[in-house]
Amino acid sequence: MTGEIESFEALARWKSTDLGVVSPTLFIPVAENTGNIYKVDLEIFKKVLQWQKQRHDAGLKLYQVSINISPSHFYNPAFVESSIALIESYKIDPKFIKFEITESVELENVIRAKKIIDELQQLGIETSIDDFGVGYSSLSYLQELPFKEIKIDKSFVDDLANPRMNAVIKTIIQLSDNLNMVSVAEGIETEEQHLELKRLGCQVGQGYYYYKPMLIEQINELLDQQLKTSFSK
């Protein structure tokens with residue numbers, strides 16, 4: 001948690017000409033219930049690869065981007081094959097893609113989930129368990145699934161000042177370290193939270209304290225400015 005940008009997370013946002021800005025808390029459940037969530041996943045995936053290819057073609061530094069994958073998409077028999085084919089079509093190194101998988105995914109079928117994660121790992125694509133701690137089966141299944149990263153849910157971080165919650169977060173961070181996984185705290189909004197999580201040993205942080213969600217154009221401007229700053233030192 002040095003303040004340096006290590007990676008990004010792709011977020012779904014919808015700005016409708018008729019409805020205005022539509023919250024993902026509204027359109028994501030609709031997409032899931034109608035069986036169209038994979039289309040949302042795929043559109044975000046393509047946008048990420050397009051951005052990375054633009055930077056690659058311009059000779060600029062590439063950053064790993066995390067993409068949230070819905071359970072139904074994750075368990076699709078063609079998921080791994082189609083994902084690597086799409087990445088290769090843009091000529092991007094798979095190491096620049098990370099799939100975030102919510103805790104509910106592994107509850108469905110641990111053996112099947114492990115096979116998919118292993119296949120992704122062999123192809124160079126990392127995986128992250130998102131919203132860790134919200135469900136009830138994390139500890140029993142975590143040792144079975146070779147995730148690269150554990151993302152501590154924002155609801156935990158919000159209650160960081162509570163000594164009991166502080167102890168829980170400390171335990172999660174130690175657990176991730178023992179399992180050779182990277183610990184990531186979500187939803188950091190204050191300097192106090194940043195400093196305390198850093199003290200507890202958390203490796204990576206994300207949230208409004210660092211940056212609010214940005215358009216791709218704004219991200220490019222931010223990275224260009226950081227590059228200019230580094231050269232001027």
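**View A. Asp57, at 52% relative accessibility, counts as exposed, and its side chain meets that of Lys53 in a salt bridge.** The model shown here and in the other views is predicted. The N to O distance of the Lys53–Asp57 pair is 3.2 Å. Lys53 counts as partly exposed because its relative accessibility is 28%, and the range for that class lies between 20% and 50%. Asp57 counts as exposed because its 52% is over the 50% cut-off. Both residues belong to helix 2 (residues 37-57); they are four residues apart, which means a separation of about one helical turn. The structure holds eleven salt bridges, and this pair is one of them.

**View B. A salt bridge within helix 6 joins Asp118 and Lys114.** The side chains of Asp118 and Lys114 meet at 2.9 Å, N to O. Helix 6 covers residues 110-122, and the two partners lie four residues apart in this helix, about one turn. Lys114 has a relative accessible area of 33% and is therefore partly exposed.

**View C. Lys151 and Glu100 form a buried salt bridge.** Their side chains meet at 2.6 Å, N to O. The pair links distant parts of the chain, with Lys151 in strand 7 and Glu100 in strand 5, 51 residues apart. Lys151 counts as buried because its relative accessibility is 1%, under the 20% cut-off. Glu100, at 0% relative accessibility, counts as buried as well. Lys151 and Glu100 also belong to a network of salt bridges that links them with Glu9 and Glu186.

**View D. Seven strands make up an open parallel sheet.** The strand order is 1-4-5-6-7-8-9. Strand 1 (7-9) and strand 9 (204-205) each have a single partner strand, so they stand at the edges and one side of each lacks a neighbour in the sheet. Strand 1 runs parallel to strand 4 and is joined to it by three bridges. Phe8 has Val65 of strand 4 as its bridge partner. In the segment before strand 1 lies Glu6. Glu6 touches Tyr63, Gln64 and Val204, leaving aside residues up to four places away in sequence. Although Glu6 and Gln64 are 58 residues apart along the chain, their C-alpha atoms are separated by 7.5 Å.

**View E. Strands 4, 5 and 6 pair in the parallel sense.** Strand 4 (residues 64-69) is mostly covered, with five of its six residues buried. Five bridges pair strand 4 with strand 5, and Ile69 stands opposite Ile101 of strand 5. On to strand 6, strand 5 (residues 97-102) again pairs over five bridges; here Phe99 has Thr127 as its bridge partner. Strand 6 is also mostly covered, and five of its seven residues are buried.

**View F. Strand 7 pairs with strand 6 and with strand 8, and helix 9 lies across these three strands.** Strands 6 and 7 pair in the parallel sense over three bridges. The bridge partner of Phe132 in strand 7 is Ile152. Strand 7 (residues 149-152) is joined by four bridges to strand 8 (residues 182-185), which runs parallel to it. In this pairing Glu149 stands opposite Val182. Helix 9 (residues 163-178) runs at about 170 degrees to strand 7.

**View G. Asp153 is a buried residue without a salt bridge.** Asp153 sits in the loop between strand 7 and helix 8 (154-158). The nearest side chain of opposite charge is that of Lys154, at 8.3 Å. This distance is beyond the 4 Å limit applied to salt bridges. The side chain of Asp153 does make a polar contact, at 2.5 Å, with the side chain of Ser155. Not counting residues up to four places away in sequence, Asp153 touches Asp131, Phe132, Val134 and Glu186.

**View H. Buried residues of helix 10 pack against helix 8, helix 9 and strand 8.** Helix 10 covers residues 191-200, and its buried residues are Gln193, His194, Glu196, Leu197 and Leu200. Just after the helix, Gly201 has a positive phi of about 100 degrees.

Key:
Residues numbered from 1 in each chain as written. Predicted model: local features only at pLDDT ≥ 70, side-chain atom pairs only at ≥ 80, totals over all residues. Heavy atoms only, no water. Pairing = 2+ DSSP bridges. Helix = DSSP H or I, 4+ residues; strand = E, 2+ residues; numbered from the N terminus. Contact = heavy atoms within 4.5 Å. Axes fitted to C-alpha atoms, helices over the stretch in contact; angles between N-to-C directions. Buried < 20%, exposed > 50% of the residue type's maximum accessible area, 1.4 Å probe, protein only. Lys, Arg positive; Asp, Glu negative; His and termini not counted. Polar contact = N/O pair within 3.5 Å; in protein donor to acceptor, adjacent residues only side chain to side chain.
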